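Q: Please give a close look at a single part of this structure, and then set it beside other parts. I am new to the structure and would welcome a connected account.

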2 protein chains.
Amino acid sequence: MATSLIGRQLALHLQKNLWLGAPGCRYVSKAAAKAEVEFDYDGPSMKTTVPGPRSQLFVLLLNFVFSQNVGAVNFFCNYEESRGNYLVDVDGNRMLDVYTQISSIPIGYNHPALLKLMTNPNNLSTFVNRPALGILPPENFPDKLTESLLSIAPSGMSRVQTMACGSCSNENAYKAMFIWYRNKERGQSGPSAEDISSCMVNQGPGCPDLSILSFTGAFHGRTLGCLATTHSKVIHKLDVPSFDWPIAPFPRLQYPLEEFSRENAQEEARCLEEVEDLIVKWRQKGKPVAGIVIEPIQAEGGDNHASADFFIRLRRIAAKHGCAFHVDEVQTGGGCTGKFWAHEHWGSDDPADIVSFSKKLLTGGYYHKEPYRIFNTWMGDPSKNLFLCEVLNVIRRENLLEEVARSGKALINGLYELQAQYPGLLSRARGQGTFCAIDVRDDATRDKILVKTRDKGVILGGCGDRSIRFRPALVFKEYHVHLFLNIFNDVLTQFK
Amino acid sequence: MATSLIGRQLALHLQKNLWLGAPGCRYVSKAAAKAEVEFDYDGPSMKTTVPGPRSQLFVLLLNFVFSQNVGAVNFFCNYEESRGNYLVDVDGNRMLDVYTQISSIPIGYNHPALLKLMTNPNNLSTFVNRPALGILPPENFPDKLTESLLSIAPSGMSRVQTMACGSCSNENAYKAMFIWYRNKERGQSGPSAEDISSCMVNQGPGCPDLSILSFTGAFHGRTLGCLATTHSKVIHKLDVPSFDWPIAPFPRLQYPLEEFSRENAQEEARCLEEVEDLIVKWRQKGKPVAGIVIEPIQAEGGDNHASADFFIRLRRIAAKHGCAFHVDEVQTGGGCTGKFWAHEHWGSDDPADIVSFSKKLLTGGYYHKEPYRIFNTWMGDPSKNLFLCEVLNVIRRENLLEEVARSGKALINGLYELQAQYPGLLSRARGQGTFCAIDVRDDATRDKILVKTRDKGVILGGCGDRSIRFRPALVFKEYHVHLFLNIFNDVLTQFK
């Protein structure tokens, strides 16, 4: 611990000197105010390029000594030393984290409230004895459910089912929609003898030829059911058998929005028309659409937005054709858009039939309206609900949703300024809360910018073909926005 | 705490009095030796029938106040008070647990070693900061992997991929087999332009029409891919779209095995022949079999066993036809058969291409031989690896695999005696280690026996049509076997 403290001080010292000598103007952003996050560091501190020598050594070790897959490993982390918005790596580099483990760290690293929870002896048993939650729930299950997931239930939804991860959440949500659809078709009568015998051998009518309508550019997970609705990258899909399910176009909005309002409205109308056509077509094909699944903002697929009006009209189309409407908030949920759920921005009292979540909610799961036959061994993990309760306490106590709205405003304004400043390089700045993105002129340049920015102490992620996505934690304050914009600007000058 | 201690003493007192007055002979089993598990209780202690009034109240609360699904809830548990082999419910009933959360508690409740791990400050960060393991692994990841999953790797396998649950493990194992199969087909050439464009819209050749061969009675999970290989119960399958994949018969062995060796060998040969026929048939159909998936003992489907010879020949058939061979050890893995993996009983140096696990391993995942494109956000949970390391330490330190072999022998001998004693009621006693089962004359009687046994303080589970499965923790000693057999015998006398 002593050595790493010394290392940290040393790194800070080195970094300060490096910064003094760093090129690039800093007029984009206001002078950064003092950090408001108590357990945070003051700023990034870089000792090496990333991955540094120790990270590289660990990769070699894992790859050649243990024959493990390391293809996607960025670097190895020192989670003990990471704090708030800063991720520390094994080489002692401390980076401002604007990607947060693919958007899955809600209130920063090692938040004191979460550490405190771990030291409470009353909580130990929840970690040590993982129950089969569907058959033998713990005594505090109703309480913890009320405190956590039910306290943030989307409008019109009172039922929630936890799951272990985002893919399982969507898989089971799809099953819930299929079961709901078939129950509706059967009415009062139960399953027929033919239903029962045929389903055991994977055949209809017991295993019906129903479909889920999804959108181009969508990402809903990588298990076989989810993957049939995922259309963002070839690498996800190639070589995996799939279902013949309909895929509608997701609107491709033109930016800045205010200049293209007519074109964008036409584009959204076109997509909705296509949705209705596909529903009819697949019904005629004998593969009726049981449900429509959509992200409020397509994340993995490139941070593609659509208007509130688009989603409300889509939900009406679903209802008109007897399809369930599933809003996948795995990446958008948890406060990063400035509201707890991104669909709240639509202003609808009845936004969906199913809302799925994971990532920043720490547990997977979905809200729904009807009881279904959904079951597995673990059905989630109560230790994650325990953390979620505490995360929600922190969000409320520290008004983090307001903070996100404020930081998000500073971030998007900064991005607008940067794209004005680098017109050939950056375009289509967009976002809601701190859930923002910007496009780079091509994918190679985007990837270079990501690496250069990381070497300057900021972790970002890519999405879509050539977008950069910003996914900070909810404790990312205005101070951090300005810190980030200054560093980002320094990097961008090299690409002018 | 004080009240629950008093409650426990009171319950013990009541229970002892109840026992004194209980009918039924006790000659089946030896006098029970003193419990050898330090943190264990002395025996069951029942205050109410189960579910008791408090459990019923919680169910009502959850169902009507919170509109949650409670269909499968047995009762609510007090995990804080549970110890070793004993699960305590919210009514203060203390039950010998021979089902262990659907076979997922490896070394009993609140094991001191696991509690101690939780109080070590060095471990806190692993619980509080869940990483995206595929891109940003923690520093101790290679160490923890060596200590845990790599130290128990099946013969011939050095690569392991963790996942969040059993279903995700199998889904991703299937994907690995599809990718492996297509890579093999393509040889040196990469994917074609047509592969790339077609996969994005769920069509071939990019999303190829490949299949996984599974067996009647199999259970591999309930997400869409897994479910296409699951054939144990209608309730799992009904209303969910599936794939047209081949389903081979799993041998239906006749018991006692020594009396039917010729018939059983014929039955196994018949099933293997059918496997080859199906592989050929599906290849002709244009849906080649990329992999075969099988459980070493079909658990959910009714504890169906086959000989080592069957599995070894099946593995050879897979190799002959260029299919990957996937052994699903989600329920059988972790030591309950007396060896760490059930497939070790086959005595093969090269048992499989893929071995998947979850449940008692605390983390999901699979072992494999080739590198594949498998990725998701969490890719498992390092906090579960931490627990697994400690579980493995306890297994080694306390020679629990030997203990399981010993307890298992006592258990199966007891079951043989009971089925001799109740010939019209019980049959087909079978098992490996403590992973045992016995059949009851019909499902209604089986279900009644489960309830009556629970009210006497023993938790059991059903499987298949009319089997009872025994799934104790690895700390279930001979003492517990005799305790169980005595209680079970008392219950069975009522069904004579």
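A: What follows takes one helix, H2 of chain A, as its main subject and then turns to other helices and two serines. The model is predicted.

Helix H2 of chain A runs over residues 53-65. At 1.5 Å a residue, its 13 residues should span 18 Å, and the C-alpha atoms at its ends lie 17 Å apart, which agrees. Three residues of this helix are buried: A:Ser55, A:Phe58 and A:Leu62. They cover an arc of only 60° around the axis, and therefore sit on the same side of H2(A). The background to this is general: an α-helix has 3.6 residues a turn, so residues three or four places apart point the same way.

The buried residues of H2(A) pack against a helix of chain B, namely H6 (141-147). The other side of H2(A) carries exposed residues, which are A:Pro53, A:Leu57, A:Phe64 and A:Val65. A:Leu57 deserves a separate word. Its place is in helix H2 of chain A, and its relative accessible area is 58%, over the 50% cut-off, so A:Leu57 counts as exposed. Together with A:Leu60 and A:Phe64, A:Leu57 makes a nonpolar surface patch of about 360 Å². After the helix comes A:Ser67, where phi is positive, near 55°.

A second helix of chain A may be described in the same order. H12(A), residues 308-320, has 13 residues. From its first C-alpha to its last it reaches 18 Å, close to the 18 Å expected at 1.5 Å a residue. Its buried residues are A:Phe310, A:Phe311, A:Leu314, A:Arg315, A:Ile317 and A:Ala318. These cover an arc of only 160° around the axis, which puts them on the same side of H12(A). Their cover includes several elements of chain A: strand E4 (211-215), helix H11 (261-284), strand E6 (289-294) and strand E7 (324-328). The face turned away from the buried side of H12(A) carries A:Arg316 and A:Lys320, both exposed. A:Gly322 follows H12(A), and its phi is positive, near 70°.

Helix H13 of chain A, residues 382-397, has 16 residues. It reaches 23 Å from first C-alpha to last, close to the 22 Å expected. This helix is mostly covered, since 13 of its 16 residues are buried. It is followed by A:Asn399, with a positive phi near 45°.

Helix H13 of chain B, also given as residues 382-397, contains B:Ser383. With a relative accessible area of 3%, under the 20% cut-off, B:Ser383 counts as buried. Apart from neighbours within four places in sequence, B:Ser383 is in contact with A:Lys384, B:Thr126 and B:Phe127. B:Ser383 and B:Asn123 are 260 residues apart in sequence, while their C-alpha atoms are 8.3 Å apart in space.

The last residue to consider is A:Ser169, placed in helix H7 (residues 166-186) of chain A. A:Ser169 is buried, with a relative accessible area of 0%. Leaving aside neighbours within four places in sequence, its contacts are A:Met163, A:Ser356, A:Phe357, A:Gly364, A:Gly365 and A:Tyr366.

Definitions and conventions:
Residues are numbered from 1 along each chain as its sequence is written. Chains are lettered from A and ligands numbered from 1 in the order in which they are written. This is a predicted model: local features need pLDDT of at least 70, side-chain atom pairs count only at pLDDT 80 or more; totals for chains, interfaces and linings use all residues. Side-chain values use heavy atoms; hydrogens and water are left out. Helices (H or I, at least four residues) and strands (E, at least two) are DSSP runs, numbered from the N terminus. Buried means under 20% relative accessible area, exposed over 50%, partly exposed in between (1.4 Å probe, protein chains only). Contact means heavy atoms within 4.5 Å. The expected span of a helix is 1.5 Å times one less than its number of residues. The arc is that of the directions from the helix axis to the C-beta atoms. Patches are made of residues with over 30% relative accessible area and no salt bridge: like charges are joined within 9 Å, nonpolar side chains (Val, Leu, Ile, Met, Phe, Trp, Tyr) within 5 Å. Accessible areas come from the Shrake-Rupley method with a 1.4 Å probe; for residues, only the protein chains shown count as cover. A salt bridge is a side-chain nitrogen of Lys or Arg within 4 Å of a carboxyl oxygen of Asp or Glu.
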